[in-house]
Amino acid sequence: MQRIGFLGPEGTFSQRAALIYITDKPSELVGMSSIRETLLAVQHGELDLAVIPYENSLEGSVNVVLDILAWEVDLHIINELTLPISQTLMINPGARWQDITEVFTHPQSAGQCRLFLETQLPQAKLYLTNSNSEGANQAKKNGITAGAIGAEQAAEIFGLEVAVCDIQDNRNNFTRFVVVGKNPAHNTSDQNKTSIVFSTEHKPGSLACILDIFSLWDINMSKIESRPSRGKLGRYIFFIDIEGHMTDPDVRDALTMVKRKTTFYKFLGSYPRVDSN
């Protein structure tokens, strides 16, 4: 039986994504206290896989995940899934949500609900937590002055009440989760995605040269994002998603050329692609 980690404790969106992933798979779900702890547990063999949030349609990528995958672990993305996200304001029984002065939540959820917090709860101080469930637990401890933002199921788990539903800035709110393990995925799908991270020489046209390689091989690029290289100011690494699997001849040849023309290159995985339409 596989041990699969998620950002816990119970009641997080990550747990919901993990439950979707393990449907019909004999697995043990293990809640972890942080994304970094979850990924390191897979790296050290304490977990077989992890289901982690990768990017959100409103807030963009989860930067801590990108940084850890690039620099701290040697893991592969083996699958992905998308989850519609409905953010909920939870309060203690007997409280009025308009009167709370503290809100506890994860940074991604806070960003997704920025307008609600600014317009409906301008008096409330925001406290960022490692997970939404941790925030719900803290709100319960702090009493009627405190509220939390997160998944609706967390209210029942931590003895809170749902005060307001769908408080995210846009109803079209989805999070992409990835499943990460030590071994690469086999090519079992007709629709695949490949993720890499790299850096180039710091000179004009170096990034364009890399992008031209994908154009030359007629490979569609679905995402590009930069992160600081942890070196000099103004130097970046680039995360790219392309359509296709590493075993496809065109993808293999294109990536071989990319690797030759980069100063840093890391293959993050080829895996079944979720249709985003």
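**Group meeting: a loop, two helices, two cores and a cavity**

Okay, let's start at Asp 218, which sits in the loop between α8 (206-216) and β13 (221-228). Helices here are DSSP runs of H or I with at least four residues, strands are runs of E with at least two, and both are numbered from the N terminus. Before going on: this is a predicted model, where local features need pLDDT of at least 70 and side-chain atom pairs count only at pLDDT 80 or more, while totals for chains, interfaces and linings use all residues. Residues are numbered from 1 along each chain as its sequence is written, and side-chain values use heavy atoms, with hydrogens and water left out.

Back to Asp 218. This residue has a positive phi of about 55° although it is not a glycine, and it comes just after α8. Is Asp 218 buried or exposed? At 70% relative accessibility it counts as exposed. For the cut-offs, buried is under 20% relative accessible area, exposed is over 50%, and partly exposed is in between, using a 1.4 Å probe and protein chains only. Measuring C-alpha to C-alpha, Asp 218 is 28 Å in space from Asn 183, and the two are 35 residues apart in sequence.

There's another aspartate like that. Asp 166 is also not a glycine and has a positive phi of about 50°. You'll find Asp 166 in the loop between β10 (161-164) and β11, and at 29% relative accessibility it is partly exposed. While we're on backbone oddities, look at the peptide bond joining Gly 8 and Pro 9: it is cis, with omega about 0°. Pro 9 belongs to the loop between β1 (2-7) and α1.

Now the helices. In α8, the buried residues are Ser 206, Ile 210, Ile 213 and Phe 214. Looking down the axis of α8, they fall within an arc of 100°, so they line one face of the helix. That arc is taken from the directions from the helix axis to the C-beta atoms. On the face turned away from the buried side, α8 carries the exposed residues Ser 215 and Leu 216. What do the buried residues of α8 pack against? That would be β12 (192-199), β14 and α9 (249-260), with contact meaning heavy atoms within 4.5 Å.

Over to α6, residues 132-142, where Asn 132, Ser 133, Gly 135, Ala 136 and Ala 139 are buried. They cover an arc of only 155° around the axis, which puts them on the same side of α6. Their packing partners are α1 (13-21), β6 (88-91), β7 (102-105), α4 (107-112), β9 (146-150) and α7 (153-158). Just after α6, Gly 143 takes a positive phi of about 85°.

Next, the nonpolar cores. By that I mean sets of buried Ala, Val, Leu, Ile, Met, Phe, Trp, Tyr and Cys residues joined through side-chain atoms within 4.5 Å. The largest one has 28 residues, and Tyr 54, Val 180 and Phe 239 have the most contacts inside it. Elements giving two or more residues to this core include β2 (27-32), α2 (35-43), β3 (49-56) and β11 (174-181). Take Val 180: leaving aside neighbours within four places in sequence, its contacts include Leu 39, Val 42, Ile 52, Leu 69 and Ile 77. Apart from that core lies another, of 17 residues, among them Ile 4, Val 51, Ile 85 and Ala 151.

What about empty space? A search of the whole structure turns up one cavity of 30 Å³ or more. Here, a cavity is a set of points on a 1 Å grid over the protein atoms alone where a 1.4 Å probe fits but cannot get out, and lining residues have an atom within 4 Å of a point. Points are joined across faces, edges and corners, and volume is the space filled by probe spheres set on them. The largest cavity holds about 200 Å³. Its lining has 17 residues, of which Phe 13, Pro 53, His 106, Ser 109 and Asn 132 lie nearest the centre. At least two lining residues come from each of α1, β3, α4 and β11, and α4 gives the largest share, three residues.

Last item, the cysteines. How many disulfides does the whole structure have? Zero, where a disulfide would be a pair of cysteine sulfur atoms within 2.5 Å. The sulfur of Cys 113 is 12 Å from the closest cysteine sulfur, in Cys 165, which is too far for a bond. Cys 113 is buried at 0% relative accessible area, and Cys 165 is partly exposed at 41%.

Key
On a 1 Å grid over the protein atoms alone, a cavity is a set of points where a 1.4 Å probe fits but cannot get out, and a pocket is an open set with protein on both sides within 12 Å along at least five of seven lines; lining residues have an atom within 4 Å of a point.
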